[in-house]
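Please read the following account alongside the sequence and the three-dimensional model. It begins at the surface and then turns to helix packing, charged contacts and backbone geometry.

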Amino acid sequence: MEGESFARQLLLVSRQALSIDFVRNVAGTMGARLAILAIGAVMGIVVTNILGPERRGLVALAVSFAAIVTQLSNLGLHSANVYFIGKDRTQVGVLVGNSLLVGMAGTSTLAGTILLICVLYPNVAPAPIILLSIALLAAPLEMTNMFVQQIFLGLKRIFTYNKLQLAIQIVNAVFILVLIAIDAVRPATVVLAIVASQTFALLWSLLDMRGELNDSLRISLKVLRASLGYGMRAYLAALFMFLVLKVDILMVGYLLDETQAGLYSVAVMLGDMFYMLPVLVGSIPFPPLTGIEDAAHRWRQAKRVAWIVAGLM
């Protein structure tokens with residue numbers, strides 16, 4: 001009986017919650033993510049074969065360390081951008097300006113401080129300082145990319161959002177292929193390829209965003225305080241979830257060695273696909289849900305999507 005009841009509920013919810021746009025957006029986002037994972041997995045295996053597990057481990061440790069720094073500095077602003085754009089599209093210029101302030105200035109300050117600590121206390125550095133320095137160059141770029149791309153998501157420009165996400169992986173793969181062609185695959189050059197792809201994506205994002213700005217790009221501390229007030233609600237939960245996914249590579253590097261960290265990083269990369277579906281399905285209805293003023297109705301719609309995710313999982 002319980003199985004039949006669940007099936008009937010799932011069917012009812014699917015009819016109510018799934019629209020053509022919703023299916024298309026989820027399918028498109030899923031396709032883009034699968035392509036990103038496929039390209040990343042192939043290039044990761046190729047790089048590992050060229051560098052060897054030990055040097056691949058150094059790359060994984062440096063990149064994971066930089067990713068944690070990036071996550072520490074986001075302060076929930078990526079979620080706040082989607083929320084505030086969903087409620088008022090006229091705030092695009094302010095949110096982009098605030099994103100540049102926090103993403104570039106704030107993350108750079110944090111990354112520089114942590115790098116200085118690693119220089120003063122080399123024992124805490126998970127990888128060589130030069131490699132960490134290059135990896136931390138990507139932190140403000142990646143953070144700002146995330147902020148700006150979430151604005152596209154809030155504007156319901158799902159195709160643009162997916163295009164930019166895919167572009168990062170494709171450009172990175174092209175740089176790696178060039179490095180292979182000129183026999184210049186080294187841990188430092190592999191990390192530089194990440195910096196280059198993030199730079200390319202950020203410039204493309206800002207150019208694509210020009211049509212939405214209408215000469216309104218500016219910084220507003222009032223809006224920033226409101227954004228941080230909203231974003232901090234989800235910040236700690238997202239931070240601890242991210243640490244669970246990333247800090248294990250650092251632990252393997254500290255407790256074992258770079259070789260084991262390199263092998264482990266490839267396995268983690270292949271396992272990331274299992275986390276995709278709930279994140280993807282949840283990101284698509286978030287912008288329209290923010291525009292629903294009635295909290296009870298908004299909660300009902302959110303539960304419908306949750307039922308669909310439960311059925312698919």
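On the surface of this predicted model, a nonpolar patch of about 1100 Å² is formed by Leu116, Ile117, Val119, Leu120, Tyr121, Val124, Val247, Met251, Tyr254, Leu255 and Leu256. Patches of this kind consist of residues with over 30% relative accessible area and no salt bridge, nonpolar side chains (Val, Leu, Ile, Met, Phe, Trp, Tyr) being joined within 5 Å and like charges within 9 Å, while the areas themselves come from the Shrake-Rupley method with a 1.4 Å probe, for which only the protein chains shown count as cover of residues. Two helices, α5 (92-120) and α9 (221-255), each contribute at least two residues to the nonpolar patch. Met251 belongs to helix α9, and it counts as partly exposed because its relative accessibility is 44%; the term covers the range between buried (under 20% relative accessible area) and exposed (over 50%).

Residues are numbered from 1 along each chain as its sequence is written. Because the model is predicted, local features need pLDDT of at least 70 and side-chain atom pairs count only at pLDDT 80 or more, totals for chains, interfaces and linings use all residues, and side-chain values use heavy atoms, with hydrogens and water left out.

As for the overall architecture, the protein has 13 helices and zero strands, where helices (H or I, at least four residues) and strands (E, at least two) are DSSP runs numbered from the N terminus. Of the 313 residues in the protein, 47% are buried.

Helix α5, which supplies residues to the patch, also packs against helix α6 (residues 129-154) at an angle of about 160 degrees, the two axes lying 9 Å apart. The pair is therefore roughly antiparallel, a term used for angles over 145 degrees, with those under 35 called roughly parallel, 65 to 115 roughly perpendicular and the rest oblique. The axes are lines fitted to C-alpha atoms, for helices over the stretch in contact, and the angles run from 0 to 180 degrees between N-to-C directions.

Which residues are linked in a network of salt bridges? The network joins Arg157, Lys163 and Asp208, a salt bridge being a side-chain nitrogen of Lys or Arg within 4 Å of a carboxyl oxygen of Asp or Glu. Arg157 pairs with Asp208 through N and O atoms that are 2.7 Å apart at their closest; this contact links distant parts of the chain, with Arg157 in the loop between α6 and α7 (158-181) and Asp208 in helix α8 (residues 187-213), 51 residues apart. Lys163 also forms a salt bridge with Asp208, at 3.3 Å from N to O, and here helix α7 is linked to helix α8 across 45 residues of sequence. With a relative accessibility of 26%, Lys163 counts as partly exposed.

Another contact between distant positions involves Glu54, in helix α3 (residues 53-73), whose C-alpha is 6.1 Å from that of Gly262 although the two residues are 208 apart in sequence. Glu54 is partly exposed, since its relative accessible area is 46%.

The backbone deserves a last look. Most residues other than glycine have a negative phi. Leu75, in the loop between α3 and α4 (77-87), nevertheless has a positive phi of about 55 degrees, and its relative accessibility of 29% makes it partly exposed. Asp183, which lies in the loop between α7 and α8, likewise has a positive phi of about 55 degrees without being a glycine, and with a relative accessible area of 59% Asp183 is exposed.

Key: Buried means under 20% relative accessible area, exposed over 50%, partly exposed in between (1.4 Å probe, protein chains only).
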